[in-house]
Amino acid sequence: MRLTKFIAHIFRRYLPSPFTIAVLLTLLTFAIAFFFTSSSVEQNHLFAIFSYWENGIWNNDLLVFAYQMMLILVLGHVLVLSKPMKGVISSIVKHVRNTSNAAVLVVVSTMMVSFFNWGLGLIFGALLARKVGEYAQGNGIPLNYPLIGACGYAGLMVWHGGISGSAPIKVSEDGHLKSLMQFVSTDEWLTKLPVSISTSSTVFSLSNILIFTVVLITISLLVFYLGKRTAPTKMDLTKYAFKARSKEGLVGAEKLDFSRPLALTFGVLILLVFLIQYLPALRKLNITPNMLNFFMLGLAIILHGNFQSFLAAVDSAIKDVAGILIQFPLYFGVMGIMANSGMIDRISNFFVTISTDATLPIFTFFSAGLVNVFVPSGGGQWAIQGPLVIQSALQLNVPLPKAVMALAYGDQITNMLQPFWALPLLAITKLRAKEILPYTLLFMLVGSIIYIVGLLLF
């Protein structure tokens, strides 16, 4: 407990908000680019860096990427707030008997959902943990509630290796790699880049499925053991519920917002177009951000049953994307400076000199975990670190799918240390970061071992 209190103290006292970190990272990148990429006596050098920064901030391809990530989070949250998902959570909660079986139910369910969609898994895990606590409190079941809360957050240690993972899903888009690397690599390297890297060789690869399965089973056994060894805690929870607008007092066209036939017709239309448009890609197990968001949009409208409920859920979810909206352009600006000033080339060459084709994925894993502490966003991290990882992999002939997944594994595992994405869960469960940290740190340690071994074996 002393260790977790110390870590919580360090994060609170010495780590500023993610937006402030993004600003400080921008200033640091300015300084490094100015003093180390060219002579500081060149009058136009500083203005060139300003231009790199501004062009990076407003890079059209990266801004599209930011909006795609925002929709993944919002639509995932919206899905959780639908009545059918509420029924799923209720059906899970009624099987709670003690801390051990509750922990397994929450961690397995959350990890499975997070593998499909990280935004969905983040809120699903939080609501499931809260409902488990309410059920145990109402039925007199002794429960270690902080452990249950930690289990509800465990999906964030598998999300980036899943279907909505920022790096693997983005590189599956035609042309993304060359767009990302156009200011970094020479024509010689660009010709070696594939048009895309299909999710069939990243997310749906046999190695990733096996690694995910091992993580799921091992963490489940761990939380079952912890449930047996930890003491129950006190709870004082009121009923948590999402409320949409009442149908009473509707006038004229307002009734359309509550029309179930209209919502179902539009939702089914979206899913029909989805199948027509993306069936060939689905057969090849190649998932793209647009494909995932289009499917979730149609499904969310159908599950909510009317536009008013859907829009109320969107309104509730939209605050979660504030960080992406305002921080991603700053990350893109950092990437613009690093790419155009030659910083990425120098850093890449450094990693190449100290690595081999066997050790580069391990270095990538650890560096991604470290970067995630300061850039707590998989998408933002991919924008900054992705070009470096790709170029280093090309130079050492490391398979690009493996390099992408090494970054994904490193990024996701230190979410168990970095409390940024735990904020929605903490707000819903009424827990504090220091209460779940003892357990999430154990998850991080065990998960890190599995990911490292997986990268070495595969």
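Here is a friendly chat about some helix contacts, aromatic rings and single residues in this predicted model.

Colleague: What should I know about the model and its numbering before I start?
Modeller: This is a predicted model, in which local features need pLDDT of at least 70 and side-chain atom pairs count only at pLDDT 80 or more, while totals for chains, interfaces and linings use all residues. Side-chain values use heavy atoms, with hydrogens and water left out, and residues are numbered along each chain as its sequence is written, from 1.

Colleague: Let's begin with helices. At what angle do helix 17 and helix 19 pack?
Modeller: Helices (H or I, at least four residues) and strands (E, at least two) are DSSP runs, numbered from the N terminus. Axes are lines fitted to C-alpha atoms, for helices over the stretch in contact, and angles run from 0 to 180 degrees between N-to-C directions. Helix 17 covers residues 343-354 and helix 19 residues 378-396; their axes are 9 Å apart, and the packing angle is about 45 degrees.

Colleague: Which word describes how helix 17 lies to helix 19?
Modeller: Angles under 35 degrees count as roughly parallel, over 145 as roughly antiparallel, 65 to 115 as roughly perpendicular and the rest as oblique. The packing angle here is about 45 degrees. That makes helix 17, relative to helix 19, oblique.

Colleague: How many nonpolar residues does the contact of helix 17 with helix 19 have?
Modeller: Contact means heavy atoms within 4.5 Å, and the residues making it include Ile344, Ile347 and Phe351 of helix 17 and Ile384, Pro387 and Leu388 of helix 19. Ala, Val, Leu, Ile, Met, Phe, Trp, Tyr, Cys and Pro count as nonpolar, Asp, Glu, Lys and Arg as charged, and the others, Gly among them, as polar. By class there are five polar residues, one charged, and on the nonpolar side eight.

Colleague: And what is the handedness of the crossing of helix 8 and helix 22?
Modeller: The axes of helix 8 (residues 145-153) and helix 22 come within 8 Å and cross at roughly 50 degrees, and the two are therefore oblique to each other. A crossing is left-handed if the near helix is turned anticlockwise from the far one by less than a right angle, and right-handed if clockwise. For helix 8 and helix 22, the crossing is right-handed.

Colleague: Which residues of helix 22 make that contact with helix 8?
Modeller: The contact of helix 8 with helix 22 divides into eight nonpolar, two polar and one charged residues. Helix 8 brings Pro146, Leu147, Gly149, Ala150, Cys151 and Tyr153, and helix 22 brings Glu435, Ile436, Tyr439, Thr440 and Phe443.

Colleague: Now the rings. How far apart in sequence are Phe115 and Phe212?
Modeller: Rings of Phe, Tyr and Trp (its six-membered ring) pair if their centres lie within 6.5 Å; planes under 30 degrees apart count as stacked, over 60 as edge-to-face and the rest as tilted. Phe115 and Phe212 form a tilted pair, 4.5 Å centre to centre with 35 degrees between the planes. Phe115 is in helix 6 (residues 99-116) and Phe212 in helix 12 (residues 206-229), so the pair links distant parts of the chain, at a separation of 97 residues.

Colleague: Is Phe328 buried or exposed?
Modeller: Buried means under 20% relative accessible area, exposed over 50%, partly exposed in between (1.4 Å probe, protein chains only). Phe328 has a relative accessible area of 1%, so Phe328 is buried.Colleague: What is the phi of Leu285?
Modeller: Most residues other than glycine have a negative phi. Leu285 lies in the loop between helix 13 and helix 14 (289-304) and is partly exposed, with a relative accessible area of 40%. Its phi is positive, near 55 degrees.

Colleague: Is Lys430 buried or exposed?
Modeller: Lys430 sits in the loop between helix 21 (423-429) and helix 22 (433-457), and has a positive phi of about 65 degrees. With a relative accessible area of 60%, Lys430 is exposed.

Colleague: Which residues is Asp320 in contact with, leaving aside its neighbours within four places in sequence?
Modeller: Asp320 is in the loop between helix 15 (307-317) and helix 16, and is buried at a relative accessible area of 15%. Beyond those neighbours, its contacts are Leu73, His77, Ile123, Trp421 and Pro424.
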